[in-house]
Amino acid sequence: MLKSKLEKGIVELLPQIPYVIDQVGEALKWAKEELSEGEYNKVLRVAYDVAQYAKEVSDTNFYKTH
């Protein structure tokens, strides 16, 4: 499923919580199916930057309750 470096990078930045991983995986799958390749690549670049930021400022336990 995950082919690009950005897709892999996004998943690697996620907290190791199955629910979060499943939700992001489903979002990536949906985006890949519904968007053109160019739009999908733009979304991936933004999502990667957001994932890096979230990892830097978030408390891992936050994801367990939301």
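What distance should the 21 residues of H3 span at 1.5 Å a residue, and how far apart are its end C-alpha atoms? The expected span is 30 Å, and the end C-alpha atoms of H3 are 30 Å apart, which agrees. Please keep in mind through all the views below that this is a predicted model.

**Figure 1. The whole chain is built from four helices and zero strands.** Read along the sequence, the pattern is α-α-α-α. Of the 66 residues in the chain, 23% count as buried. Take the contacts in the chain with a separation of 6 or more: residues 24 or more positions apart account for 64% of them.

**Figure 2. Helix H1 (5-13) and its buried side.** Buried in H1 are Glu7, Gly9, Ile10 and Leu13. Seen down the axis of H1, these buried residues fall within an arc of 165°, so they line one face of the helix. Their packing partners are H2 and H3. Turn to the face of H1 directed away from the buried side and you will find Lys5 and Glu12, which are exposed.

**Figure 3. A closer look at Gly9, a residue of helix H1.** Gly9 has a relative accessible area of 9%. Under 20% counts as buried, so Gly9 is a buried residue. Leu44 is a good second residue to pick out in this view: Gly9 and Leu44 are 35 residues apart in sequence, while their C-alpha atoms are 9.8 Å apart in space. Leu44 is itself one of the buried residues of H3.

**Figure 4. Helix H2 covers residues 18-34.** With 17 residues, H2 reaches 24 Å from its first C-alpha to its last, close to the 24 Å expected at 1.5 Å a residue. Which residues of H2 are buried? They are Val20, Gly25, Leu28 and Ala31. Viewed along the axis of H2, the buried residues fall within an arc of 130°, so they line one face of the helix. The other side of H2 holds the exposed residues Pro18, Trp30, Glu33 and Glu34.

**Figure 5. The two sides of helix H3 (37-57).** Tyr40, Leu44, Ala51 and Ala54 are the buried residues here. They cover an arc of only 95° around the axis, which puts them on the same side of H3. A reminder that helps in reading this view: an α-helix has 3.6 residues a turn, so residues three or four places apart point the same way. On the other side of H3, the exposed residues are Lys42, Val46, Tyr53, Glu56 and Val57.

**Figure 6. Gln52, a residue of helix H3.** Is Gln52 buried, partly exposed or exposed? Its relative accessibility is 31%. Buried means under 20% and exposed means over 50%, so Gln52 counts as partly exposed. To follow the fold from here, look for Leu14: the two residues are 38 residues apart along the chain, and their C-alpha atoms are separated by 8.9 Å.

**Figure 7. The largest pocket has a volume of about 240 Å³.** Of the 18 residues that line this pocket, the closest to its centre are Ile10, Leu14, Val24, Ala47 and Ala51. Two of these names will be familiar from earlier views: Ile10 is buried in H1, and Ala51 is buried in H3. Helices H1, H2 and H3 are the elements that give two or more residues to the lining.

**Figure 8. The lining of the largest pocket, by helix and by residue class.** Which helix gives the most to the lining of the largest pocket? H3 does, with eight residues. By class, the lining of the largest pocket has 17 nonpolar residues, no polar residues and one charged residue.

How values were computed: Residues numbered from 1 in each chain as written. Predicted model: local features only at pLDDT ≥ 70, side-chain atom pairs only at ≥ 80, totals over all residues. Heavy atoms only, no water. Expected span 1.5 Å × (residues − 1). Buried < 20%, exposed > 50% of the residue type's maximum accessible area, 1.4 Å probe, protein only. Arc of directions from axis to C-beta. 1 Å grid on protein atoms, 1.4 Å probe; cavity = no way out; pocket = protein on both sides within 12 Å on 5 of 7 lines; lining within 4 Å. Points joined across faces, edges and corners; volume = space filled by probe spheres on them. Nonpolar A, V, L, I, M, F, W, Y, C, P; charged D, E, K, R; others polar. Contact = heavy atoms within 4.5 Å.
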